[in-house]
Amino acid sequence: MVTRTRFWWLTFAATLLGEMWFAGMVCAEESLSYGDLVRRLIDLERLAVLPRLGNTCQQWSSYDRASRYDEKTGKYVNWDANGDGDGIIRREGNQQVFAEMEGPGCIWRIWSALPEQGRVKIYLDGSPDPVVDMPFAHYFDGKHPPFNYPTLSYRLEDIGSRGQNLYFPIPYQKSCKVVAEDKWGAYYHFVYETFPPGTRVPTFSAALAQQHASDLKAIDDYFAQALGTDPAGNRNGEETIRDSVAIEPGKTARLELQGPRAITAIRGKASFQDREDEMAALRQIVLRITWDDQAEAAVWSPLGDFFGTAPGVNFYKSLPTGITPDGAYSLWYMPFAKRAVLELVNEGPTARRLDFEITHAPLSRPFDELGHFHCKWHRDVFPLPKDRWPDWTMLRSEGRGRFCGVMLHVWNPRGGWWGEGDEKFFVDGEKFPSTIGTGSEDYFGYAWGHPGLFQKPFHGQTMTENNRGHQSVFRWHIVDNVPFQKSFEGCIEKYFPNAPGTLYACTVCWYLAPGGVDPFPPVPVEDRHSYYVRLPLELAGFEVLGEPPGNVDSQNMTGFGPGTWSNDDHLWWTGAKPGDKLELGFRVPKTGKYKMSAFLTKARDYGIVQLYLDGKKLGDPIDLFNDGVIRTDPPVPLGVHELTEGKHTLTVEIVGANEKAIKSYMFGIDELKLEKLP
């Protein structure tokens, strides 16, 4: 091994925080300047500092207020309620109250799926005048002061999603109240931290933000230009170990570091034969880190998932993790008092060669103020009572620490929207969660389940197959980490059971004081890679062949006339364009002559289609436009054909749309009818 200084560090990041960083943080819990708060947006080291009493992080959102906990029965009621767009605390005249908090505290994150022109106002410390008063849509466009920083205030329009985010410190000493005018839009999150009693913070104002414009601009520039470099700069006493190791099947490569120190960066790179080999290897190789001679490893994760995406290599950058053509990086701050043992375990059948770099530095404060970094990969754990359905556990831990986020890998072989589930955080034994959200995609910072790739410092979607197959999303809680003193349970709702094939795998990161409970055991290799299998997709009685463009799903049709469609559903093809084809398999029971017809769906946004039987045209194109949703009755005739026993193919080609139609080119089929002739 060779120890050398870090060669990739950018001078920009080194000067961003400066040598006074630690001096400013010593008393940060007692008196915080606005500059201190701004710099917390990139302070990864602070996550390891164990929280003081009174330090909390919670969320106000528009969740469905029908969900509640009944103290008399000890049961959860309407726990799957899903009308999450317009929940509020109450109305006051013509205004809606979104949030009320007691200080000292700070709003860190604001999100919406559909902000409009109705004004949202933020009142602080009992003042009759709002410190922010603007149309809700202006919070997120990166143009309107004080939020005119495009990496802090942004819309995800580049992927076609309406998810909109603001990460911006809005501190208050005594109180905060957020109200909205009518026509503000739909869906909101306000994430806020409450500091320990006695903490002094400035009261936010536009003038205060302007005074610290250079601090905000430095963060904005770092997010735009320098993700992947340590925001703390080049630390005194820092060392980097660089090595290349070959690991045979069943073998382990081991590295030991003596403390007190902190690992400040882990970087790695490997080569693979092809995409399938890459996906297999990054689930078969495990990173295992044990701190201070503890009985169990605190970090246990397949190597790829540890770097924040799955399956395989998917390029992206975030603040603490990323994968680029130059390799993967993790900048989580990992302190230890006596010893750190890092192990790479090859549980696959193939020998692997890995290049890695480990950067470590002296501690900047006594270890007894710090927690150990934990990172665990798991699938289905900790079954919950029936009244807790549809909660799916991401993290359960006991002790003192901070929850810092998750990467969720979704395997969804049958297609359709997999999410819709709210996040729920129970802190220190809460019966009702102090954070409850409005949908899976909302938690991960986008909206409406849009199948597009995006990467931001704190959240992203790094892998998607149009909501069918693999999806990989992450949300890192850096400024909005969730402190806990006794316990933490974080869940996300999973509406779809494992039986149809929708499976979750979770990589969760948190800090925990020594002696805390980390209950996650290692997962056998056969449960890490081979579980996602592309099953034949069967919808509404048809087998979907190949990988069609767009999205193919089964749509419930009871809203358009119960009993009209067989089984009250149809096969629904969306997201296609003229020239796209969909192949459907069907079986003929016995060789003979058959009269064919089809029950199709017509509506305003449906296209004109050409049908084929085993590659041969079935008559003329069929116009499926209708001013309203109907099922064709009688069925559309498709001619008489000699068919052999066994499997055949019905191909649907989008060829256009009626001039009166909304140009969405949708297609729906309820039933293919075969009448055997003498």
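**Exercise 1. Overall form**

The protein holds eight helices and 50 strands, and the model examined here is a predicted one. Determine how the radius of gyration of the protein compares with the globule rule for 678 residues.

*Solution.* Begin with the radius of gyration, which is 27 Å, and set it beside the 26 Å that the globule rule gives for 678 residues. The two values are close, so the protein is as compact as a globular protein of that length. Next take the extent along the principal axes, where the C-alpha atoms fill a box of roughly 90 × 70 × 50 Å. Turning to the surface, the protein exposes about 26,600 Å², and carbon and sulfur atoms supply 50% of that area. As for the interior, 60% of the 678 residues are buried. Finally, among contacts with a separation of 6 or more, 78% are accounted for by residues 24 or more positions apart.

**Exercise 2. The span of a helix**

Work out what span the 13 residues of helix H5 should have, and compare it with the distance between the end C-alpha atoms; then list which residues of H5 are buried.

*Solution.* Helix H5 covers residues 213–225, and the expected span is 1.5 Å times one less than its number of residues. This gives 18 Å, and because the end C-alpha atoms are 18 Å apart, the expectation and the model agree. For the second part, the buried residues of H5 are Ala 213, Leu 216, Ala 218, Ile 219, Asp 220, Asp 221, Tyr 222 and Phe 223. In reading such a list it helps to recall that an α-helix has 3.6 residues a turn, so residues three or four places apart point the same way.

**Exercise 3. Cysteines without a partner**

Establish how many disulfides the count comes to, and explain why the sulfur of Cys 509 makes no bond with the closest cysteine sulfur.

*Solution.* A pair of cysteine sulfur atoms has to lie within 2.5 Å to be taken as a disulfide, and by this rule the count comes to zero. Cys 404 is in no disulfide, since the nearest cysteine sulfur, that of Cys 509, is 7.5 Å away. The sulfur of Cys 509, in turn, has its closest cysteine sulfur in Cys 375, and at 3.8 Å this is too far for a bond. As to their surroundings, Cys 404 is buried at 0% relative accessibility, and Cys 509 is buried at 2%.

**Exercise 4. Two loop residues and their contacts**

For Thr 502, find the loop in which the residue lies and the side chain with which its own side chain makes a polar contact; then decide whether Asp 580 is buried or exposed.

*Solution.* Thr 502 is placed in the loop between strand S36 (487–493) and strand S37 (503–512). Its relative accessibility is 7%, so Thr 502 counts as buried. The side chain of Thr 502 makes a polar contact of 2.9 Å with the side chain of Asn 412. Beyond four places in sequence, the residues in contact with Thr 502 include Val 410, Trp 411, Asn 412, Pro 413 and Trp 418.

Asp 580 belongs to the loop between S41 and strand S42 (581–588), and with a relative accessible area of 11% Asp 580 is buried. A polar atom of the Asp 580 side chain lies 2.9 Å from the backbone nitrogen of Lys 577. Setting aside residues up to four places away in sequence, Asp 580 touches Pro 549, Trp 573, Val 652, Glu 653 and Ile 654.

**Exercise 5. Backbone details in loops**

Find which bonds to Pro 104 and to Pro 311 are cis, and state what phi value belongs to Asn 78 and to Phe 382.

*Solution.* A cis peptide bond joins Gly 103 and Pro 104, with omega at about 0°, and Pro 104 sits in the loop between strand S6 (95–102) and strand S7 (105–112). The bond from Ala 310 to Pro 311 is also cis, with omega near -10°, and Pro 311 lies in the loop between helix H7 (303–306) and strand S21 (316–317).

For the phi values, Asn 78 has one near 50°, which is positive in a residue other than glycine. Asn 78 lies between strand S4 (75–77) and strand S5 (90–92), in their loop, and at 44% relative accessibility Asn 78 counts as partly exposed. Phe 382, likewise a residue other than glycine, has a positive phi near 55°, and its loop runs between strand S27 (372–378) and strand S28 (391–398).

Methods:
Residues numbered from 1 in each chain as written. Predicted model: local features only at pLDDT ≥ 70, side-chain atom pairs only at ≥ 80, totals over all residues. Heavy atoms only, no water. Helix = DSSP H or I, 4+ residues; strand = E, 2+ residues; numbered from the N terminus. Buried < 20%, exposed > 50% of the residue type's maximum accessible area, 1.4 Å probe, protein only. Polar contact = N/O pair within 3.5 Å; in protein donor to acceptor, adjacent residues only side chain to side chain. Contact = heavy atoms within 4.5 Å. Rg over C-alpha atoms; globule rule 2.2 N^0.38 Å. Areas by Shrake-Rupley, 256 points an atom, 1.4 Å probe, with all protein chains shown as cover.
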